[in-house]
Amino acid sequence: MDTETPTHCPYCALQCGMTLRPVAGAPVAEVVERTGFPVNRGALCGKGRTAPAVLSSAVRLTGPLVRNAVSGVLEPAGWDEALGRIADALRATRAAHGADAVGVFGGGSLTNEKAYLLGKFARVALGTSQIDYNGRFCMSSAAAAHQRAFGLDRGLPFPLEDIPRTGCVILVGSNPAETMPPALRYFTELRANGGKLIVIDPRRTRTAEQADLHLAPRPGTDLALALGMLHLVVAQGRLDEEFVAARTSGWEDARAGVMAHWPEQVERITGVSVPQLREAVAMFCDADSGMVLTARGPEQQAKGTDTVGAWINFCLATGRAGRPLSGYGCLTGQGNGQGGREHGQKADQLPGYRKLTDPAARQHVAGVWGVDPDALPGPGRSAYELLDALGGDVRALLVMGSNPVVSAPRAGHVEERLKSLDFLAVADVVLSETAALADVVLPVTQWAEETGTMTNLEGRVLLRRKAVTAPEGVRSDLEVMHGLAALLGHGKGFPTDPEEVFEELRRASAGGAADYSGITYARIAAEDGVFWPCPGEVPGSVGPDPEKAGPEPEKTGPGPERCGPDTAEAGQVPAGAVHPGTPRLFLDRFATEDGRARFVAVTHRPPAEETDEVYPVVLTTGRVVAHYQSGAQTRRVAELNAAAPGSFVELHPRLAERIGVAEGEPVAVTSRRGRAVAPARITASIRQDTVFMPFHWAGEGRANSLTNPALDPVSRMPEFKVCAVRVEAGDGRSAGAGD
Ligand SMILES: Nc1nc2c(c(=O)[nH]1)N[C@H]1C(S)=C(S)[C@@H](COP(=O)(O)OP(=O)(O)OC[C@H]3O[C@@H](n4cnc5c(=O)[nH]c(N)nc54)[C@H](O)[C@@H]3O)O[C@H]1N2
Ligand SMILES: Nc1nc2c(c(=O)[nH]1)N[C@H]1C(S)=C(S)[C@@H](COP(=O)(O)OP(=O)(O)OC[C@H]3O[C@@H](n4cnc5c(=O)[nH]c(N)nc54)[C@H](O)[C@@H]3O)O[C@H]1N2
Ligand code: SF4
Ligand SMILES: [Mo]
């Protein structure tokens, strides 16, 4: 191809628009600004700018690898051999141990088409219930809280462009300066317009530096903080009684928990002083509109769902929800973190954000797939539980779009479990740490080499277009699923053309909460993306055999017509008219049965693991701007490695002094699960009782050797953001921080 192609970044949920232009004689295309795309208006972070480097054959997989049974070494092989080995192994596992002995692990970087087809592949071609994905590690707590309170989970109920026009934003455990740099503009514009920004983060991050007010709680105490602030709202007579009466239910039950959290007690739990709590409440309530946005800080906790629930309660009690320029939102993380959680790669889910346990949903989707609803398996295990079961009940695994050796909690244990499998297959772009353990590695095409849709953090469905030709020897994930399904006796139903898969997804999602039926590739291209829900007519020629499809089931869940879009009443669009999509949700009603948002009664509880004499320091983990996730992609880019060459331990000067380390010297961090060593990065911007490690690296500096897999009871999200550790000089000089 020799033309400029407008497309999107391979990495995070902002899905910045960019244009790719081939360069004569150079191995990879170059990135050109795409100013017309509204979300980032041409701006990119360093990862996006350098993304084409990973297209280079020098750093990526260009042919399948199969492990030699004798030497134990991964060796180049042909596609027929590689796919044949996988199909044989999966068939043998199923014959010996049953269909549920085969597992599938997906990812939020997969396009909607891939995520959809992967769910179908697991349930139809493999007949297994054992599928989940890395989104469970990402925003599952916010998703669960959204469902509980609003009856619908879309990360942001409004477009980012609304942020600069609201009165006050509380950013909880979110560091866009490092994790979504082009989005920082929305917050600087907010302040330029006279709006206020409050940041809640145990570290004074580059985002917190921009805030009007920074609260630095002890990690894992956000639930108490939110309840304490809501207590002050009530105590100061700032409850929006009219809104609570007209648009919500459950306040009386929730109120008791709120009133039990006195500000002084909250100060003791969180370390945030009562005057600061008062200041935050005044700042938020004095503005005539406001938003609370959470990210992984409060969510990646064993009580993440309740914590987000408390923040939603806060928004509801102050009347900052379901109104223009106000509301609660979650800043979703992965490129397709939103779409990836809607179309069926999650253990309990069918396409269109349907529930696998809902008979009507099973009937509808089975109809589209041309299978018997009773043949569909039930819900499987959540991501960590699935990884923990490897080598036990689950004996063979296919990984597509994740690198759990680096990114899973208690990663040393997960690595052991992966090694104990009878068979592991990994489809990846590069030889990730997880792929390096596999029996068969399949090299797949990436973002710029294939077309597909992504749903960004706003719920905007985007088209990522193919811009360059993939190296020979590489196949797409869709082709992988097609090939494997055919070998497993499903020659039909697994198309390799992304648009054909999308047309089927439209049918499968029709009538569901995440309704994509009115969205087409052509519309997305013409409209800079389309926000779901977007119901519409899907041409009958596509999808399943109508004979087998069965009757359309009655709608049981709250449909999109209940969500109150701003531009038109969804569902009330005249027959034949095109639905405009739904940039803004909940303005007229919430997506619950009665249209009211539900308060949830929650009370604070400590982290799953509290500090003690042996493990006296809190570890929290997160990101740096130069690297993405497990680093599988970005650690292969020279410019990014130069900017951030390796793991580190961020600690306060007092703690550094106590353990006797200077800047750059090795620090050993030990938890009940393992040990990691990385250079000290000493800064007064972190609490004295807390250390921070980024999780982008493998080996000695791997943060996840330490983290606690304690799970949230509702979302099954692991507690990445808080565990107890001992911190010492890495060369063994120090006796420990506890003394
Ligand atoms: N550069 C870069 N950008 C990314 C990614 C990446 O890997 N690298 N990944 C993408 C993905 S998948 C995601 S999910 C997003 C994540 O985006 P963010 O959520 O912004 O990223 P994190 O660094 O995980 O966590 C945010 C902040 O939470 C704080 N924090 C830690 N513990 C607590 C706590 O107990 N309470 C509170 N309130 N805050 C706490 C941390 O100090 C950190 O500054 O980023 C996306 N963008
Ligand atoms: N300690 C700690 N751990 C964390 C977190 C934290 O804050 N702290 N955050 C968690 C969060 S929010 C997330 S999202 C996870 C993410 O962690 P991972 O699931 O490991 O995510 P990635 O590193 O993006 O892994 C994606 C893998 O898929 C490959 N890949 C990319 N695109 C494609 C594709 O289209 N097809 C295929 N087949 N492969 C592809 C990449 O090369 C890479 O190897 O990490 C979690 N782990
Ligand atoms: S902010 Fe996210 S989407 Fe935008 S360029 Fe950076 S990594 Fe890519
Ligand atoms: Mo994430």
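Start with the whole chain in view: it has 739 residues, and a compact globule of that length would have a radius of gyration near 27 Å, so the chain's 25 Å agrees. (That radius is taken over C-alpha atoms, and the globule rule is 2.2 Å times the number of residues to the power 0.38.) You're looking at a predicted model, where local features need pLDDT of at least 70, side-chain atom pairs count only at pLDDT 80 or more, and totals for chains, interfaces and linings use all residues. Residues are numbered from 1 along each chain as its sequence is written, chains are lettered from A and ligands numbered from 1 in the order in which they are written, and side-chain values use heavy atoms, with hydrogens and water left out.

**Stop 1: the whole chain**

Show only the C-alpha atoms and turn them around: they fill a box of roughly 70 × 65 × 55 Å along the principal axes. Now switch to cartoon, and you'll have 23 helices and 30 strands to look at. (Those are DSSP runs, numbered from the N terminus: H or I with at least four residues for helices, E with at least two for strands.) Of the 739 residues, 64% count as buried. (Buried means under 20% relative accessible area, exposed over 50%, partly exposed in between, with a 1.4 Å probe and protein chains only.)

**Stop 2: ligand 1**

Select ligand 1 and the residues near it (near means that a heavy atom of the residue lies within 4 Å). You should get 33 residues, the closest being D201, D222, R623, H627 and Q629. Which parts of the fold supply at least two residues each? They are α5 (176-179), α12 (296-299) and β23 (617-622). Colour by domain, and you'll find at least three shell residues from each of domain 2 (156-330) and domain 3 (617-735); the bounds come from an automatic or database domain assignment.

Next, look for polar contacts (pairs of N or O atoms within 3.5 Å; within protein, one must be able to donate a hydrogen and the other to accept it, and residues adjacent in sequence count only if both atoms are side-chain atoms). A polar side-chain atom of D201 sits 2.6 Å from an oxygen of ligand 1, and one of D222 sits 2.7 Å from a nitrogen of the ligand. On its own, ligand 1 exposes 900 Å², and the protein buries 99% of that. (Areas use the Shrake-Rupley method with a 1.4 Å probe; for residues, only the protein chains shown count as cover.)

**Stop 3: ligand 2**

Hop over to ligand 2. Of the 31 residues around it, N134, S402, S407, D428 and S630 come nearest. Domain 1 (65-137 + 336-557) and domain 3 (617-735) both give residues to this shell, so ligand 2 lies between them. Zoom in on K114, where a side-chain N or O atom is 2.9 Å from an oxygen of ligand 2. Then pick T621: a polar side-chain atom there lies 2.9 Å from a nitrogen of ligand 2. Taken alone, ligand 2 exposes 910 Å², of which the protein buries 98%.

**Stop 4: ligand 3**

Now select ligand 3. The residues around it include C9, C12, C16 and C45.

**Stop 5: Y628**

Finally, find Y628 in the loop between β23 and α22 (638-643). Is Y628 buried or exposed? Its relative accessible area is 10%, so it counts as buried. Add F695 to your selection: Y628 and F695 are 67 residues apart in sequence, and their C-alpha atoms are 9.4 Å apart in space.
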